[in-house]
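Some labels deserve a second look. Here is how a few of them are earned.

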Amino acid sequence: MSKTTFTSDQTAQIQREAQAWVVRLDSGLATSRDAQAFRLWCAQSRTHAQAFAQAREVWHAVNASLPTSHQAWSRQAPASVGRRAFLGAALSVGIGYLVVRPPGKLWPAWSDLTADYRTATGEQRAVSLAGQGTVQMNTQTRINVRHAADAGAGIELLSGEAEVQTVSGQTTLLTVQAGPGLVRATQARFNVRYTDETVCVTCLTGQVELDYGGRIMPLQANWQRIYDARGISQASQVDVNEVTAWRERRLVFNDVPLAEVVKELNRYWPGKLVLMSETLGRRRVQAQFSLDRLSDATALIRDVYGADVTELPGGVVMLRSPSA
């Protein structure tokens, strides 16, 4: 890919063209001729490829936050829609929203900046809770910590995933607040994941107590509950080795749609995996990946599932069906 230098006016034009391509490709109206034209456009220079990757990030982040009526409009918008469409969509979200949840994580959210502890993409770290327990933080995780002599230790999981271990022999409660639920434990090891507004609590050893809307529900080892603002699931038995695979720097997928695999990989990927085909996304995946060799994941998607894999600058990888 060429390293052509562009003037500021030319770069602005490329950005407008990139926005138009994003709208066209996301409209559901793109043809095979459009796909070929897009590949040729994107291959002109690194600037073109980077402009598209950035525009698609912003478009999807903004579109996902819009009311349903706005989302429907965005998918019907003509390919000629450019900067005005992007700015209009962004303004309809509201400045306050952009501070709380910036599009495409282009800058830190307010909760990220004020969290006591946080991990970057691909990073894991341990936090001690004043001798009352430990927290192992997974990638893209934010927590606040409190210590009170009369109430034990506790954390608030703002986002991400953490494994919590109480200290052997302690009698004071250790608590984890995640969304609308509160987990309590005195002798236990448990995993709490809070992503996409959904919380998943898995008891690994011992027993925990889950308080959801005033309902107190015990959870035994090898059992799991999932909840969000709308409700809570029944307890289900799970393979805890899959839940805790990340502690061994592994990801395990058993009969999972490829779209979900890509979504999970993006929590660790130093860039962005972009799935361009819904048909490809429905393919079922049975695989394990090492977090230290994530490139194996794209190789498997290419070799086993027949995807076209296009690597762009900045760690952006586009995945599409061969016929796309």
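The turns below set labels against their cut-offs, for a predicted model.

Q: Why is Thr 166 called buried?
A: The cut-off for buried is under 20% relative accessible area. Thr 166 has 5% relative accessibility, so it counts as buried. Thr 166 lies in strand E5, residues 152-166.

Q: What makes the link from the side chain of Thr 166 to the backbone nitrogen of Ala 188 a polar contact?
A: A polar contact needs N or O atoms within 3.5 Å. The side chain of Thr 166 reaches that nitrogen at 3.0 Å. It also reaches the backbone oxygen of Thr 186 at 3.2 Å. Both distances therefore meet the cut-off.

Q: Why is strand E8 described as largely enclosed by the rest of the structure?
A: Six of its eight residues, 188-195, are buried, so the description follows.

Q: What makes E8 and strand E9 a pair?
A: Two strands pair if there are at least two bridges between them. E8 and E9 (residues 198-212) have eight, in the antiparallel sense, so they pair. Arg 193 stands opposite Cys 200 in E9. Two residues separate the strands of this hairpin, where Asp 196 takes a positive phi near 55°.

Q: Why are E15 and E17 called edge strands?
A: The open sheet has the order E15-E18-E17, with mixed pairing. Strands E15 (272-275) and E17 (308-312) each pair on one side only. The twist averages 20° from one strand to the next.

Q: How do you know that E17 pairs with strand E18?
A: At least two bridges are needed. Five join E17 to E18 (residues 316-320), and the two run antiparallel. Val 316 in E18 is the bridge partner of Leu 312.

Notes:
Residues are numbered from 1 along each chain as its sequence is written. This is a predicted model: local features need pLDDT of at least 70, side-chain atom pairs count only at pLDDT 80 or more; totals for chains, interfaces and linings use all residues. Side-chain values use heavy atoms; hydrogens and water are left out. Buried means under 20% relative accessible area, exposed over 50%, partly exposed in between (1.4 Å probe, protein chains only). Helices (H or I, at least four residues) and strands (E, at least two) are DSSP runs, numbered from the N terminus. Axes are lines fitted to C-alpha atoms, for helices over the stretch in contact, and angles run from 0 to 180 degrees between N-to-C directions. A polar contact is a pair of N or O atoms within 3.5 Å; within protein, one must be able to donate a hydrogen and the other to accept it, and residues adjacent in sequence count only if both atoms are side-chain atoms.
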